[in-house]
Number of protein chains: 2
Amino acid sequence: MEELDERKIKILDAIIRTYLETGEPVGSRTISKYTDLNLSSATIRNEMSDLEELGYIVQPHTSAGRIPSDKGYRFYVDHLLLRKDKEISDMKEFVIEHTEKMEQVLKQVAKMLAQTTNYATMITTPKSTGGKVKFVQLSMVDEEQLLAVIVMEGNLVKNKIIPLTQELDNETLLKLNILLNSTLNGLSIPEINLGTISKLKEQAGEYSDIVGIVLDGVAETISREELEIYTSGATNIFKYPELRDTKKASELIYALEEKQQLASLVTESLQNEDTGIQVYIGDESPIQTMKDCSVVTATYELGDGMKGSVGIIGPKRMDYEKVMGHLKDLTSQLDSIFKKPT
Amino acid sequence: MEELDERKIKILDAIIRTYLETGEPVGSRTISKYTDLNLSSATIRNEMSDLEELGYIVQPHTSAGRIPSDKGYRFYVDHLLLRKDKEISDMKEFVIEHTEKMEQVLKQVAKMLAQTTNYATMITTPKSTGGKVKFVQLSMVDEEQLLAVIVMEGNLVKNKIIPLTQELDNETLLKLNILLNSTLNGLSIPEINLGTISKLKEQAGEYSDIVGIVLDGVAETISREELEIYTSGATNIFKYPELRDTKKASELIYALEEKQQLASLVTESLQNEDTGIQVYIGDESPIQTMKDCSVVTATYELGDGMKGSVGIIGPKRMDYEKVMGHLKDLTSQLDSIFKKPT
DNA sequence: ATTAGCACTCCAAAGAAGTGAGTGCTAACA
DNA sequence: TGTTAGCACTCACTTCTTTGGAGTGCTAAT
């Protein structure tokens with residue numbers, strides 16, 4: 001054996017569902033009442049014993065009920081919950097329609113998601129890799145400072161103030177602008193390589209050193225992997241006793257606050273092509289401090305290969321069904337929202 | 001009586017200092033050894049009894065040592081600690097010199113401050129009231145979208161994408177830019193009133209409606225009270241047992257995460273003119289959930305009346321001396337940094 | 001194959017007892 | 001009169017024990 005028969009599956013399902021609700025280890029008696037297949041607790045016990053041997057469930061200590069192991073959750077996620085319709089998409093529309101800058105939309109989304117799910121959430125700005133430059137402009141802000149504005153596909157606007165040592169008259173500025181625009185427009189970040197740069201410099205002729213400075217600035221601005229991450233609902237984790245322990249909670253919240261580490265979650269899931277939804281259970285997560293949690297991430301797209309990521313962090317016994325529903329909804333909405341000009 | 005004699009003051013000082021270090025209620029015996037004036041524990045007990053009656057210290061329960069009351073802390077802050085030199089200003093310089101956009105500087109500062117003090121910190125962007133427009137520019141990003149860039153004093157850059165229904169040729173754009181710049185430059189927000197706007201529209205002649213749209217956009221962008229607040233070190237509060245309680249910690253962190261409420265701290269302290277440093281002890285704080293904490297805020301300035309605020313949130317027994325030193329340092333540095341062009 | 005019954009395990013909550021830091025008070029002392 | 005020593009008392013904390021109950025595994029009966 002290695003296979004689960006129908007009955008074992010039903011029992012496993014029941015165990016997990018019950019555990020999701022209560023957060024307490026679940027005993028044979030409970031299940032014997034819960035399921036439709038009428039079985040006595042003793043029978044359940046036997047089956048449970050099997051399930052434990054197979055590694056789907058675990059006993060925290062000898063005489064406690066069982067809780068799902070990571071493998072159990074995995075089975076649940078993979079096989080047991082693809083059969084249900086999804087949740088309402090409440091006020092999401094509203095929020096998205098009524099805010100403006102991407103940054104704010106994202107913050108809002110994170111917050112909302114945290115509120116509706118009661119888990120901690122995170123969301124990243126779309127990664128520009130593959131995003132194209134749409135428009136570049138330099139202007140003199142005052143005598144010594146140059147402002148570079150770069151607009152990317154998707155109306156992602158970046159600014160950079162560049163200090164100038166050298167004089168720069170209006171005519172030159174105009175020329176530079178034309179040059180920059182005609183060269184850079186339509187290019188994606190990886191396409192702006194050394195070749196492009198040196199060619200640009202060449203064309204700039206006597207102003208090549210200025211172009212150099214400017215390009216450095218521009219390059220830095222564009223390529224600065226500005227993977228902003230917004231989080232929300234960190235305090236939700238206090239709602240789950242199994243995470244409430246000071247040390248765990250502190251580490252978790254720290255991770256959420258620092259954001260740094262969260263990036264690892266994202267980059268990984270951005271690679272992944274298929275459904276776009278990724279589930280990390282316990283140790284599967286690349287972040288050590290989250291080994292007592294589960295993380296569900298999803299990807300949203302901005303058309304031109306710009307991808308961002310939304311994630312939900314909660315206890316292992318999170319309501320995967322609901323969470324995945326929410327995420328699916330959300331990403332599809334984000335997709336459509338960002339595609340039209342804001 | 002009502003007055004504290006020299007000896008009582010010394011004892012009170014000793015009590016508070018000891019409590020600040022240990023976090024434990026402090027007993028008579030400890031003090032009798034601590035102070036230079038050699039007194040037996042019994043004498044101290046008598047004095048403590050008096051101090052308690054006067055409301056400066058408090059007993060958590062009948063047979064515990066004493067801890068300072070809010071009034072005690074207040075006395076300490078007001079009278080007891082103005083006599084000491086300040087702390088080093090470690091790597092602050094470094095960080096500030098090496099980052100660029102204001103936003104990032106602020107984030108860095110918050111983080112650094114949290115790390116060096118071991119408390120939670122917050123910092124706001126300078127409030128633009130009084131800030132002047134330095135430079136305005138409109139550019140066509142594509143056929144239907146106009147990008148407005150506004151640079152404020154202090155190199156605060158704001159962008160707004162404005163959808164256009166109407167055609168707009170290059171020449172007109174140029175004219176508009178000149179018009180906008182010559183009119184708006186040097187004006188502070190409150191100075192851009194209806195009068196200015198209608199005058200502008202008039203001058204724009206046949207393009208008055210476009211100017212209208214643009215100005216609306218600009219106005220909205222500028223005046224949006226973008227009081228961003230950055231926080232850091234939320235998890236530091238777990239370092240203090242008296243705040244580690246789940247409920248308190250959760251509320252506190254929530255407040256820090258939500259930021260919303262923090263604004264009340266700031267607005268208040270921005271009014272205050274004198275030293276610029278404000279101390280809220282326990283209930284004195286406008287934020288209810290912080291009644292078990294103390295909050296110290298300071299104001300930094302950008303010359304033109306643009307003010308921002310830095311704050312430190314910690315346990316009541318925070319090291320006021322050090323904190324205030326840090327803040328003083330920091331604000332004076334921020335002041336000078338932001339005044340020169342970045 | 002299922003179930004009832006029973007002995008056994010073990011956590012968790014509730015008590016019990018000891019410990020120690022701290023107090024208040026009184027009486028003695030300088 | 002201010003200071004101190006001494007003593008009985010309080011009360012949180014820790015440790016140990018007890019107890020109750022939920023849960024298991026096994027065996028024998030259905």
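Ala, Val, Leu, Ile, Met, Phe, Trp, Tyr, Cys and Pro count as nonpolar, Asp, Glu, Lys and Arg as charged, and the others, Gly among them, as polar. I needed that sorting before looking at the protein surface near DNA strand D. I also noted that the model is predicted.

**Entry 1: the surface near DNA strand D**

I looked up how the residues near DNA strand D divide by class, and found 13 polar, 4 charged and 4 nonpolar ones. There are 21 residues around this strand. Those that come nearest are A:Ser28, B:Arg7, B:Thr43, B:Thr62 and B:Ser63.

Next I asked which helices each supply at least two residues of this surface. They are helix H3 of chain A, residues 41-54, and helix H3 of chain B, residues 41-53. I then checked which element gives the most, and H3(B) does, with 4 residues.

**Entry 2: which parts of the DNA**

I looked at the atoms of DNA strand D that lie within 4 Å of the protein. Sugar or phosphate accounts for 76% of them, and bases for the rest.

I then went through some single atom pairs. For the phosphate, I found a polar side-chain atom of A:Arg66 at 3.1 Å from one of the strand's phosphate oxygens. For the bases, I noted two pairs. An N or O atom in the side chain of A:Arg45 is 3.0 Å from a base nitrogen of DNA strand D. A polar side-chain atom of B:Ser63 is 2.6 Å from a base oxygen of DNA strand D. B:Ser63 is also on my list of residues that come nearest to the strand.

**Entry 3: B:Thr121**

I turned to one residue of chain B. B:Thr121 sits in strand S3, which covers residues 120-124 of that chain. Is B:Thr121 buried or exposed? Its relative accessibility is 0%, and buried means under 20%, so B:Thr121 counts as buried.

I listed what B:Thr121 touches, leaving out residues up to four places away in sequence. Among them are B:Leu113, B:Ala114, B:Tyr230, B:Gly311 and B:Ile312. B:Ala110 is also touched, and the side chain of B:Thr121 reaches the backbone oxygen of B:Ala110 at 2.8 Å.

**Entry 4: chain A as a whole**

I ended with totals for chain A. The chain has 12 helices and 10 strands. Of its 342 residues, 54% are buried. I looked at contacts with a separation of 6 or more, and 60% of them join residues 24 or more positions apart. The accessible surface of chain A is about 15,700 Å², and carbon and sulfur atoms hold 49% of it.

Methods: Residues are numbered from 1 along each chain as its sequence is written. Chains are lettered from A and ligands numbered from 1 in the order in which they are written. This is a predicted model: local features need pLDDT of at least 70, side-chain atom pairs count only at pLDDT 80 or more; totals for chains, interfaces and linings use all residues. Side-chain values use heavy atoms; hydrogens and water are left out. A residue is near a molecule or strand if one of its heavy atoms lies within 4 Å of it. A polar contact is a pair of N or O atoms within 3.5 Å; within protein, one must be able to donate a hydrogen and the other to accept it, and residues adjacent in sequence count only if both atoms are side-chain atoms. Buried means under 20% relative accessible area, exposed over 50%, partly exposed in between (1.4 Å probe, protein chains only). Contact means heavy atoms within 4.5 Å. Accessible areas come from the Shrake-Rupley method with a 1.4 Å probe; for residues, only the protein chains shown count as cover.
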